[in-house]
Amino acid sequence: MDSTLSSSLDSRATLRGLASINPGAPSARIESYEGGEKKCISDVRRTFCLFVTFDLLFITLLWIIELNVNGGIQNQLNKEVLHYDYHASFFDIFILAVFRFAALILAYAVCKLQHWWAIAITTAVTSAFLIAKVILSKLLSQGAFGYLLPIISFILAWIETWFLDFKVLPQEADDENRLLLVTDTSERAPLMHPGPLSDGQFYSPPESIADSDEDIEEKHDHEKPVI
């Protein structure tokens, strides 16, 4: 009887543990996904914004080095900014990097845009401007920076396009679909879960009515005549 009672108590504890764990699993998943959605910006989008910032800083650094190499920063700023010449100045390449940074950060960090049209515009404008400048200007005759600045600017613009189109948007779409799937699964689950089983449902079997062997022997001893 003791073994039966202990086994019943163990099974009751197991059932209670299952009842307490299983109903909470979908809700725990939903809370984890909702916690990810509550972030201001996703991790992959944050990486994209950091790369856009790197684009601006790298082009700015190259332009400052070019100014310093070709006769001093102050004199070259006066020449390239105040007396701007499309055919010989690198200032427009710096402005192009500022344009990409402002447009992409505004679209994908501030407005949290989930479409590729903004980066398509910036990349198209960058490519068209750089190709026209290389063809029409005299940058290729101004040394290494005449090659370096247009090529680096062109490559960074297309890397940003690739990263957004193949990394940021697909991963965010997968996360959203996963969240919808988990939410739909939790909504289909039963609203009322079985509660803990009461003690009355577990009982030991009643004792047998038939007399045991010991009782029969005692009864025979009492019935024997006393001599």
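**A nonpolar surface patch and helix α6**

Helices α6 (117-136) and α7 (144-188) each supply at least two residues of a nonpolar patch. Helices here are DSSP runs of H or I, at least four residues long, numbered from the N terminus. The model is predicted, so local features need pLDDT of at least 70 and side-chain atom pairs pLDDT 80 or more, while totals for chains, interfaces and linings use all residues. Residues are numbered from 1 along each chain as its sequence is written, and side-chain values use heavy atoms, without hydrogens or water.

The patch lies on the surface, with about 1,000 Å² of accessible area together (Shrake-Rupley method, 1.4 Å probe). Among its members are Ile131, Val134, Tyr147 and Trp158. Its largest share, six residues, comes from α7.

Helix α6 has 20 residues, and its end C-alpha atoms are 28 Å apart. This agrees with the expected span of 28 Å, which is 1.5 Å times one less than the number of residues. Buried residues of α6 (under 20% relative accessible area, 1.4 Å probe, protein chains only) include Ala118, Thr122 and Leu130. Seen down the axis, the buried residues fall within an arc of 150°, so they line one face of the helix. The arc is that of the directions from the helix axis to the C-beta atoms. The face turned away from the buried side carries Ile135 and Leu136, both exposed (over 50%).

Val134, in α6, is partly exposed at 32% relative accessibility. Phe129, also in α6, is partly exposed at 25%. Beyond residues up to four places away in sequence, Phe129 touches Tyr86, Asp92 and Leu96 (heavy atoms within 4.5 Å).

Definitions and conventions. Patches are made of residues with over 30% relative accessible area and no salt bridge: like charges are joined within 9 Å, nonpolar side chains (Val, Leu, Ile, Met, Phe, Trp, Tyr) within 5 Å. A salt bridge is a side-chain nitrogen of Lys or Arg within 4 Å of a carboxyl oxygen of Asp or Glu.
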